[in-house]
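Notebook open, model loaded. I want to look at the core, one helix packing and the charged pairs.

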Amino acid sequence: MDRELAARCLAELGNLTRLDIYRLLVRAGPPGLNISEIQTRLDLAASTLAFHLRGLVSAGLIAQEKIGREVICRAQYHRIDSIIEFLREHCCEGFEGDLPAEAGRRAG
């Protein structure tokens with residue numbers, strides 16, 4: 001996973017409503033939940049839920065599948081696993097042999 005995608009996913013989860021949606025879908029497991037059930041469980045307006053779902057879908061954190069008249073939302077576990085792996089990539093390696101970061105890189 002590259003830094004930009006990791007940052008985007010983490011930014012999406014940095015919103016309390018989107019975090020609640022994602023956690024609810026994780027709790028639901030692989031079967032997922034339909035949109036109306038998410039709306040009811042989190043007490044969200046339809047337009048608010050749609051807005052937040054768009055962000056989560058575009059970041060690849062959840063997937064949607066239309067089954068008949070329902071849209072089922074499912075957490076994409078591989079994406080969150082990739083983010084965690086990215087964050088832990090150099091865990092406990094220390095800094096020996098690393099050159100200090102360039103000043104310009106810190107600003108970006």
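Before I start, a cut-off I'll need: I call a residue buried under 20% relative accessible area, exposed over 50%, and partly exposed in between. Also, this is a predicted model.

**Entry 1: the pair in helix 3.** I looked up glutamate 37 first. With 29% relative accessibility, glutamate 37 falls between the two limits and so counts as partly exposed. Its salt-bridge partner is arginine 41, with the closest N and O atoms 3.0 Å apart. Arginine 41 is exposed, at a relative accessible area of 55%. Why are the two about one helical turn apart? Because they sit four residues apart in helix 3, which covers residues 35-42.

**Entry 2: the other salt bridges.** I searched the whole structure and got three salt bridges. One of them joins the side chains of glutamate 12 and arginine 18, at 2.9 Å from N to O. Are these two buried or exposed? Glutamate 12 is buried at 14% relative accessible area, and arginine 18 is buried too, at 13%. Another pairs arginine 74 with glutamate 65, where the closest N and O atoms are 2.7 Å apart. Here I noted arginine 74 as partly exposed at 23% and glutamate 65 as partly exposed at 37%.

**Entry 3: the core.** Next I went to the largest nonpolar core, which has 19 residues. The members that touch the most other members are Ile21, Tyr22, Leu25, Ile38, Leu61 and Ile62. At least two core residues come from each of helix 1 (3-13), helix 2 (16-28), helix 4 (46-58), strand 3 (70-75) and helix 5 (77-87). Helix 2 gives the largest share, four residues.

I then clicked on isoleucine 62 and skipped its neighbours within four places in sequence. Its contacts are Tyr22, Leu25, Leu53, Leu56, Val57, Cys73, Arg74, Ala75 and Gln76. Arg74 I had already met, as the salt-bridge partner of glutamate 65.

**Entry 4: helix 2 against helix 4.** At what angle do helix 2 and helix 4 pack? I get about 75 degrees, with the axes 10 Å apart. Angles of 65 to 115 degrees count as roughly perpendicular, so helix 2 and helix 4 get that label. On the helix 2 side, the contact uses Thr17, Arg18 and Ile21. Helix 4 brings Leu49, Phe51, His52, Leu53 and Leu56. I sorted the residues of this contact into five nonpolar, two polar and one charged. Arg18 turns up again here, having appeared above in the salt bridge with glutamate 12.

Notes: Residues numbered from 1 in each chain as written. Predicted model: local features only at pLDDT ≥ 70, side-chain atom pairs only at ≥ 80, totals over all residues. Heavy atoms only, no water. Core = buried A, V, L, I, M, F, W, Y, C linked by side-chain atoms within 4.5 Å. Buried < 20%, exposed > 50% of the residue type's maximum accessible area, 1.4 Å probe, protein only. Contact = heavy atoms within 4.5 Å. Axes fitted to C-alpha atoms, helices over the stretch in contact; angles between N-to-C directions. Parallel < 35°, antiparallel > 145°, perpendicular 65-115°, else oblique. Nonpolar A, V, L, I, M, F, W, Y, C, P; charged D, E, K, R; others polar. Salt bridge = Lys/Arg side-chain N within 4 Å of Asp/Glu carboxyl O.
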